[in-house]
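Here is a short briefing on the strands, one helix and some backbone features of this structure. Please keep the sequence and the coordinates at hand.

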Amino acid sequence: MWIMFSHYKSQPTKHEPNDNEHKKEQEVCREKIQKDYQIKTEAYKEKILIPREEAKKRQKEEEHYRFLGPAWKGKGEALGGEVQDSDKQTDEVRFRRLEENINEEYLEQVKQEQEREAKRKQRKKIILPEEPEENDPDSLLIILRSPLGQNHTRRFLYSNTLQVILDYITTLGFNQRRYTLCTTYPRQALSDQRELTLSELKFTKRTTLNIEEIL
């Protein structure tokens, strides 16, 4: 009887789970999940993140070039070590061409804007107050510096508002929706003070203002 019991106890149990096979199945499943996650991550990066970063980069470059405008005279300097003369010349040519392209594009945009504004002005006539005489004690000379490097001068009355000067630059082709007036030093944008008189703005007998593009 004891022999039969011992023989039965030593027999392997049928359907006993194999731990190694179970672990192997878990590892395969885990690898498949990780692979699917990597594929989805790469797809999201390629379709969403990369285009978004490229769009932000292009926007920053456009804003940077628009801010620099024709006044940009930057020149690159080498960092670390000496640079061969040929490399320096190549860099200078590259920067000069880049500067010329930026300036030409900016000037062309300004000219096109002036042409459009001139056409719009023909449809809606702006009536400016009569220019005062030079010896008028209530008059002052306003010098306007345009983004094209040109100076425009006109006399106004201290009782005129800043809006009159804004109307005047509109007749020059600078739309008030894209351009504003700024003092030279210290620089201050005056677009929110258009209802103030030139006397209230404390303009001197000879005042210089910059015509600047609204960014």
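Strand S1 (residues 139–145) is largely enclosed by the rest of the structure, because five of its seven residues are buried. Buried means under 20% relative accessible area, exposed means over 50%, and partly exposed lies in between (1.4 Å probe, protein chains only). Helices (H or I, at least four residues) and strands (E, at least two) are DSSP runs, numbered from the N terminus.

The model is predicted: local features need pLDDT of at least 70, side-chain atom pairs count only at pLDDT 80 or more, and totals for chains, interfaces and linings use all residues. Residues are numbered from 1 along each chain as its sequence is written, and side-chain values use heavy atoms, with hydrogens and water left out.

**Strand pairing around S1**

- Two strands pair if DSSP finds at least two bridges between them.
- S1 and strand S2 (residues 151–157) run antiparallel and are joined by seven bridges.
- Across this pairing, Leu140 stands opposite Phe156 in S2, and Leu141 stands opposite Arg155 in S2.
- The hairpin of S1 and S2 has five residues between the strands. Gly149 in this hairpin takes a positive phi near 85°.
- S1 also pairs with S5: the two run parallel, with five bridges. Ile143 has Thr208 in S5 as its bridge partner.

**The two faces of S2**

- In a regular strand the side chains alternate between the two faces of the sheet.
- S2 shows this alternation. His152, Arg154 and Phe156 point to one face and are buried.
- Asn151, Thr153, Arg155 and Leu157 point to the other face and are not buried.

**Helix H4**

- H4 (residues 162–171) is mostly covered, with nine of its ten residues buried.
- The buried residues of H4 are Leu162, Gln163, Val164, Ile165, Leu166, Asp167, Tyr168, Ile169 and Thr170.
- Gly173, just after H4, has a positive phi of about 105°.

**Loop backbone features**

- A cis peptide bond links Tyr185 to Pro186, with omega near -10°.
- Pro186 sits in the loop between strand S3 (179–183) and strand S4 (188–189).
- Lys202 is not a glycine, yet has a positive phi of about 60°.
- Lys202 lies in the loop between S4 and strand S5 (206–213). Lys202 is exposed, with a relative accessible area of 70%.
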